[in-house]
Number of protein chains: 2
Amino acid sequence: MATLKDIARECGVSVATVSNILNGKPKVSEATRERVLAVVERTGYRPNFFAQGMRKQKTNIIGIIAEDLNEFSTTPIVEAIMDYCENHGYRTILMNLRMYYKWGDTWYDDDAKLQEQLKPVISEMLSVKVDGIAYVAGHCRVVNAFPENFRVPGIVVYGLSKSPRFSSVVIDDERGGYEMTRYLCDRGHRRIGLICGEEGNIHTTKRLAGYKRALVEAGIPVCEELIRPGAWTRELAGMSADELMKAGVTAIFCMNDVMAGGVYDYLSEKGLEAGSDLSVVGYDNRIFAEYLKPKLTTDEIPFGAIGYQAARELVMTVDKEEPGNPRIIEIPCDIRVRDSVSDLR
Amino acid sequence: MATLKDIARECGVSVATVSNILNGKPKVSEATRERVLAVVERTGYRPNFFAQGMRKQKTNIIGIIAEDLNEFSTTPIVEAIMDYCENHGYRTILMNLRMYYKWGDTWYDDDAKLQEQLKPVISEMLSVKVDGIAYVAGHCRVVNAFPENFRVPGIVVYGLSKSPRFSSVVIDDERGGYEMTRYLCDRGHRRIGLICGEEGNIHTTKRLAGYKRALVEAGIPVCEELIRPGAWTRELAGMSADELMKAGVTAIFCMNDVMAGGVYDYLSEKGLEAGSDLSVVGYDNRIFAEYLKPKLTTDEIPFGAIGYQAARELVMTVDKEEPGNPRIIEIPCDIRVRDSVSDLR
């Protein structure tokens, strides 16, 4: 691999200049900066941030960046990270980007909006000299949380790091989709409708793959007619439920509880009942799942375990002061069996 | 009012010693400290922290301390505080005491548990030299958030400051109880049951007072038999609903939505329906209120307005660099009319 010296020689600048550029210090012309970064990228040079880490004083502070604290998944993850850190001799500082608060749902594919919020927060974390950063996404997707040449250990939680240099902790959505579908098959259902989240979303794609795998395994042909859109919303799910009922399903698997609520709405309008007239299952185990009548069978996302695993991975990297192997950790979900599925066997 | 000099003279110590004691610096014997603090308390002396503030450099950082971020009321308040601060040139730092996470519901009356978490957090805020602190309580009660001689402007949000030197922002629970009861009276209900939260709790006491005022105003005698305990829980509320039904009520006002859920459970077990067979209203406007069937009429707590008002009050105090008049700001709630009340007129 190229060294700092190689890059400096090729660009005709000093080693100090290359180092300054990689560490984001000013006082270098934009032209030089671009030329050096191009060479850095081509040669695949990676700054040895862990060697730098060993030279600097450890602060025993872990930074936590949340995309939005008000998202239902976020605070249980954050509290588990804080708990783990506290029990392992690290303090935490917490920053909140408030992406949903500022942008509603218009920012998912807009990296510029994210970076505008993120950059000053990252600078602040660096000025505090955090030993590591846990980045908690508001929903699962590939996140540009840390730049490729970032010097501090980081982990992306409830999302996937765009840079392969950083580990990620996500739920095992494929397995979740598989297990829930299998649960329905095991109870004698063979025409099982699926109401999907937004298209292209990772949760959607993986749960769909799991649904198909379970059907194939049970010897049930996958029927595209039974796979309907819901876009995570209550209203659209009700419309899809109508189509699915007409297509003769005995059960509907909704990719979140909000859409299961929409199916309940639809059934109630038709004078039908969830459970007895149509089996319904959800995903997320939101608080309201226990207030639906009948109580909703759903997949619980173990936010505590997600936060715990993420903090563990990050603290291990920080403690060892060596990069380890960046990896994607997938946490399984747990089916919470309640009263919304009838047994056809 | 007594000056530092008066107190120093009376105690036979130097002004510097009194100042050190008030600023919490060590190196003073416990006996001297106690003697001086006794005189400070008797004379009603208040350190002029704003004069000290004018001498120090402003950092334009507001500290936010949350008792528990995972409590449903907390993150919308915190996000509103952050929004206001950002729009007025202040950055924020956020600390989370995680009281519910650590202690469940066993810490409400245990100031020692609170102080153990709070003290290091306050120290950290002071080391960052925050210009002011917003303390966000997890539930309403009198909170020992800031010591009497604290030098930094502070405000207690969603709770009442124990020290009268600091302002508080709470909801207007008396008015909330009054308006909801009046709403039921206006629709022809005259036997209105009340299921209360935990006894002694401020929400409980004030909503009860509002309930009584509305009844008296409507010429309906207050009947103690119709006021039942629920302790904020779904299970106990169901039991109280049974007693109230036997006492012939046409409507039940539950002091939170969770207990309204318990009344729905009870009705469903008896083959009865909320709305038509018994009117039910809640409080809080939790997400699940819209998933109950029929949808629950309830009082919405305007968390955004609470956070906004609190930040506004705090920033004004910080900007003016003078104490202003500490006060209790009460924010009204808004009834969200849905489908769980029948009109008997």
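Me: Which helix of chain A holds both R182(A) and D186(A)?

Reply: This is a predicted model: local features need pLDDT of at least 70, side-chain atom pairs count only at pLDDT 80 or more, and totals for chains, interfaces and linings use all residues, while side-chain values use heavy atoms, with hydrogens and water left out. Residues are numbered from 1 along each chain as its sequence is written, with chains lettered from A and ligands numbered from 1 in the order in which they are written. Helices (DSSP runs of H or I, at least four residues) and strands (runs of E, at least two) get their numbers from the N terminus. R182(A) and D186(A) are four residues apart, about one turn, and both lie in helix α8 (residues 173–186).

Me: How far apart are the closest N and O atoms of R182(A) and D186(A)?

Reply: The pair counts as a salt bridge, a term that needs a side-chain nitrogen of Lys or Arg within 4 Å of a carboxyl oxygen of Asp or Glu. A search of the whole structure finds 47 of these over all chains. For R182(A) and D186(A), the closest N and O atoms are separated by 3.7 Å.

Me: What are the bounds of domain 3 of chain A?

Reply: The bounds come from an automatic or database domain assignment. Chain A has a domain 1 (4–47), a domain 2 in two stretches (55–171 + 303–333), and a domain 3 covering 173–300.

Me: How much area is buried between domain 2 and domain 3 of chain A?

Reply: Taken over C-alpha atoms, the centres of these two domains of chain A are 31 Å apart. Their contact (heavy atoms within 4.5 Å) takes eleven residues from domain 2 and 13 residues from domain 3. Buried area is the accessible area (1.4 Å probe) that two parts lose on being put together, summed over both. Carbon and sulfur atoms give 59% of the buried area here, which comes to about 960 Å².

Me: Which residue of chain A pairs with K206(A) in a salt bridge?

Reply: Across the interface of domain 2 and domain 3 of chain A, the rule finds one salt bridge. K206(A) has its closest N or O atom 3.6 Å from that of its partner, E330(A).

Me: How many residues of chain B are in contact with chain A?

Reply: On the other side, chain A puts in 30 residues. The two chains bury about 3000 Å² between them, 47% of it on carbon and sulfur atoms. In chain B, E79(B), R234(B) and Y291(B) lose the most area to chain A, together 24% of what that side buries. The number of chain B residues in contact is 31.

Me: Which residue of chain A forms a salt bridge with D265(B)?

Reply: The rule finds ten salt bridges across the interface of chain B and chain A. In one of them, D265(B) has its closest N and O atoms 2.8 Å apart with K293(A).

Me: Which helix supplies the largest share of the side of chain B that touches chain A?

Reply: Between the chains there are 14 residue pairs in polar contact, with both residues at pLDDT 80 or more; the term means N or O atoms within 3.5 Å, where within protein one must be able to donate a hydrogen and the other to accept it, and residues adjacent in sequence count only if both atoms are side-chain atoms. On the chain B side, α5 (74–87), β2 (91–96), α6 (99–103) and α11 (257–269) each supply at least two residues. The largest share, seven residues, comes from α5(B).

Me: Which C-alpha of chain B is nearest the axis?

Reply: Superposing by least squares on the C-alpha atoms of residues with pLDDT of at least 70 in both copies, chain B can be laid on chain A with an RMSD of 0.4 Å by a turn of 179° and a shift of 0.1 Å along the axis. The copies are thus related as by a two-fold rotation axis. At 2.4 Å from that axis, the nearest C-alpha in chain B belongs to F288(B).

Me: Which residue follows K293(A) across a cis peptide bond?

Reply: The omega of this bond is about -10°. The residue in question is in the loop between β11 (279–281) and β12 (298–300) of chain A. Chain B also has a cis bond, from K293(B) to P294(B), with omega near -10°. In chain A, the residue joined to K293(A) is P294(A).
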